[in-house]
Amino acid sequence: TRLSLMEKCQTCNKRILHSSAFCPHCGAQQVRERLTVWMLVQNLYSKVVNFDFTFFRTTYWLLTQPERVTLGYIQGVRKIFNPPIQYALIILSLYGLFQFFFADFLDQIGLETSFNNYDGSPEEQERNKKIAPVIQWLRSRSQFLTFSIIPFMGLLSTLFYRKNKLNLAEHLVISIYAISF
């Protein structure tokens with residue numbers, strides 16, 4: 001009868017009591033009910049609105065006390081901050097949504113408008129015609145181009161700030177938070 005009260009953890013595959021809500025080995029919650037759309041909505045709501053949603057807290061502290069986030073994360077504080085790569089991915093996603101919904105507005109007010117204004121000499125008009133596609137290409141990929149400088153920032157700050165005794169990974173954390181914010 002004791003074996004009938006046991007089952008396997010869905011995450012680590014170790015034996016646990018059937019009545020266990022969490023696995024004592026890996027800590028994973030044991031979900032036994034079937035997934036529904038309502039459960040997905042509740043999960044999303046609880047993650048976003050819940051006071052424990054670290055994205056808002058991380059953003060607030062990056063605004064008010066950036067050293068609390070960067071140095072805290074480097075020194076081992078993990079639970080209350082978004083990890084730097086996760087934070088960067090959330091920011092990239094939000095920026096992508098912004099561009100998706102407001103791309104036509106950005107085109108109306110952006111650099112492309114000034115390059116499509118072909119007043120001036122024929123040489124200036126020809127130059128503007130050549131530059132406009134380059135500017136449009138850069139604008140459409142700006143978030144990825146911005147994030148591509150993170151490794152260089154980390155390397156340069158490691159070289160220039162040797163006296164602070166931080167290694168490359170720690171400088172990368174600072175760079176990721178700085179660029180993301």
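**Exercise 1.** Glu 7 forms a salt bridge with Arg 32 in this predicted model. Determine how far apart the closest N and O atoms are, and which parts of the chain the pair links.

*Solution.*
- Step 1. The closest N and O atoms of Glu 7 and Arg 32 are 2.8 Å apart. A salt bridge requires a separation within 4 Å, so the pair qualifies.
- Step 2. Glu 7 belongs to strand β1 (residues 6–8), whereas Arg 32 is in the loop between β2 (15–17) and α1 (37–49). The two residues are 25 residues apart, and the pair links distant parts of the chain.
- Step 3. Arg 32 has 36% relative accessibility and therefore counts as partly exposed.
- Step 4. A search of the whole structure finds 1 salt bridge.

**Exercise 2.** Establish how many aromatic pairs a search of the whole structure finds, and classify the pair of Tyr 73 and Tyr 177 by the angle between the ring planes.

*Solution.*
- Step 1. The search yields 5 aromatic pairs.
- Step 2. For Tyr 73 and Tyr 177, the ring centres are 6.2 Å apart and the planes stand at 75°. Planes over 60 degrees apart count as edge-to-face, so this pair is edge-to-face.
- Step 3. Tyr 73 is in helix α3 (residues 66–74) and Tyr 177 is in helix α9 (residues 168–180), so the pair ties together parts 104 residues apart in sequence.
- Step 4. Tyr 73 and Tyr 177 are both buried.

**Exercise 3.** Describe the aromatic pair that Tyr 87 forms with Tyr 177, and state whether Tyr 87 is buried or exposed.

*Solution.*
- Step 1. The rings of Tyr 87 and Tyr 177 lie 6.1 Å centre to centre, with 55° between the planes, and the pair is tilted.
- Step 2. Tyr 87 in helix α4 and Tyr 177 in helix α9 are 90 residues apart, and their pair links distant parts of the chain.
- Step 3. Tyr 87 has a relative accessibility of 1% and so counts as buried. Tyr 177 is buried as well, with a relative accessible area of 1%.
- Step 4. Ring pairs join Tyr 73, Tyr 87 and Tyr 177 with Phe 55 and Phe 56 into a cluster.
- Step 5. The charged end of Arg 78 sits over the ring of Tyr 73, 4.0 Å from its centre.

**Exercise 4.** Locate Ile 90 and identify the residues that Ile 90 touches, not counting those up to four places away in sequence.

*Solution.*
- Step 1. Ile 90 is part of helix α4 (residues 84–109).
- Step 2. With that exclusion of residues up to four places away, Ile 90 touches Phe 55 and Asn 82.
- Step 3. Ile 90 counts as partly exposed because its relative accessibility is 23%.

Note on methods. Residues are numbered from 1 along each chain as its sequence is written. This is a predicted model: local features need pLDDT of at least 70, side-chain atom pairs count only at pLDDT 80 or more; totals for chains, interfaces and linings use all residues. Side-chain values use heavy atoms; hydrogens and water are left out. A salt bridge is a side-chain nitrogen of Lys or Arg within 4 Å of a carboxyl oxygen of Asp or Glu. Helices (H or I, at least four residues) and strands (E, at least two) are DSSP runs, numbered from the N terminus. Buried means under 20% relative accessible area, exposed over 50%, partly exposed in between (1.4 Å probe, protein chains only). Contact means heavy atoms within 4.5 Å. Rings of Phe, Tyr and Trp (its six-membered ring) pair if their centres lie within 6.5 Å; planes under 30 degrees apart count as stacked, over 60 as edge-to-face and the rest as tilted. A charge sits over a ring if NZ of Lys or CZ of Arg is within 6 Å of the ring centre and within 35 degrees of the ring normal.
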